[in-house]
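Q: Please take a close look at one part of this molecule, the contacts between side chains, and then set it in the context of the rest. I am in my first year, so please explain each term when it comes up.

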Amino acid sequence: MEETFDELVKGHRDAITVKKVFGELYQRNGVTIIPAAKVMGGGGGGAGESPDGQGQGQGTGFGMAAKPAGVYVIRDDEVKWQPAVDVNRIIAGVFTLGALALLVAIRHSK
């Protein structure tokens with residue numbers, strides 16, 4: 001089990017590398033673009049035995065999430081950061097503000 005667990009941890013560690021954070025660069029007309037993402041991950045594992053010694057079990061788990069963060073734009077020795085637009089966050093913010101405005105309007109009408 002120990003070897004298997006170590007192999008799994010190594011595989012999971014390899015899954016979260018700088019290549020997952022920074023994508024392949026793109027070059028065109030003297031401009032270089034390097035995409036970047038926010039990458040998070042975690043894992044765990046364990047083994048156990050039943051109190052009466054009749055059964056054993058083991059398991060591991062791993063999760064990973066990535067979201068676009070933006071791109072680095074390199075032009076004429078100048079580097080600029082262009083953040084990604086998270087449309088879902090914008091929509092959630094608009095709905096939240098709308099709900100708050102509705103609550104305020106209801107309270108003031110009483």
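**Side-chain contacts and their setting**

A: The side chains of Thr-32 and Gln-27 are joined by a polar contact of 3.2 Å, where a polar contact is a pair of N or O atoms within 3.5 Å, one of which, within protein, must be able to donate a hydrogen and the other to accept it, while residues adjacent in sequence count only if both atoms are side-chain atoms. The model is a predicted one, in which local features need pLDDT of at least 70 and side-chain atom pairs count only at pLDDT 80 or more, whereas totals for chains, interfaces and linings use all residues. Residues are numbered from 1 along each chain as its sequence is written, and side-chain values use heavy atoms, with hydrogens and water left out.

Thr-32 belongs to strand E2, which covers residues 31–49; helices (H or I, at least four residues) and strands (E, at least two) are DSSP runs numbered from the N terminus. Thr-32 counts as buried because its relative accessible area is 13%, given that buried means under 20%, exposed over 50% and partly exposed in between, with a 1.4 Å probe and protein chains only. Across the protein, 7% of the 110 residues are buried.

The wider frame consists of three helices and four strands, which follow the pattern α-α-β-β-β-β-α along the sequence.

Turning to the aromatic side chains, a pair of rings is described by the distance of the centres and the angle of the planes. Rings of Phe, Tyr and Trp (for Trp, the six-membered ring) pair if their centres lie within 6.5 Å, and planes under 30 degrees apart count as stacked, over 60 as edge-to-face and the rest as tilted. By this rule there are two aromatic pairs. One of them is the tilted pair of Phe-22 and Tyr-72, with 6.4 Å from centre to centre and 35° between the planes. This pair links distant parts of the chain, since Phe-22 sits in the loop between helix H2 (18–21) and strand E1 (26–28) and Tyr-72 in strand E3, 50 residues apart. Phe-22 is partly exposed, with a relative accessible area of 35%, and Tyr-72 is partly exposed at 31%. Tyr-72 also pairs with Trp-81: the ring centres are 4.7 Å apart and the planes stand at 55°, so this pair is tilted. Trp-81 is partly exposed too, at 36%. Phe-22, Tyr-72 and Trp-81 therefore belong to one aromatic cluster.

Strand E3 is also where Lys-67 is found, a residue that is partly exposed because its relative accessible area is 39%. The C-alpha atoms of Lys-67 and Ala-37 are separated by 5.4 Å, although these residues are 30 apart along the chain. A second such separation, 5.5 Å, is found between the C-alpha atoms of Ala-47 and Gly-57, which are 10 residues apart along the chain; Ala-47 lies in strand E2 and is exposed, at 59%.

Lys-67 brings us to the largest pocket, whose lining consists of Lys-38, Lys-67, Pro-68, Ala-69, Ala-84, Val-85, Asp-86 and Arg-89. On a 1 Å grid over the protein atoms alone, a pocket is an open set of points with protein on both sides within 12 Å along at least five of seven lines, and lining residues have an atom within 4 Å of a point. Strand E3 (residues 56–75) gives the most to this lining, with three residues.

Asp-86, another residue of the lining, caps the N-terminal end of helix H3, as one of its side-chain oxygens lies 3.3 Å from the backbone nitrogen of Asn-88. Helix H3 has 23 residues (87–109), which should span 33 Å at 1.5 Å a residue, and its end C-alpha atoms are indeed 33 Å apart; the expected span is 1.5 Å times one less than the number of residues.

Finally, the loop between E3 and strand E4 (78–83) holds Asp-76, whose phi is near 50°, a positive value in a residue other than glycine. Asp-77 lies in the loop between E3 and E4 and has a positive phi of about 65° although it is not a glycine. Asp-76 is exposed, with a relative accessible area of 70%, and Asp-77 counts as exposed at 81%.

Technical notes. 1 Å grid on protein atoms, 1.4 Å probe; cavity = no way out; pocket = protein on both sides within 12 Å on 5 of 7 lines; lining within 4 Å.
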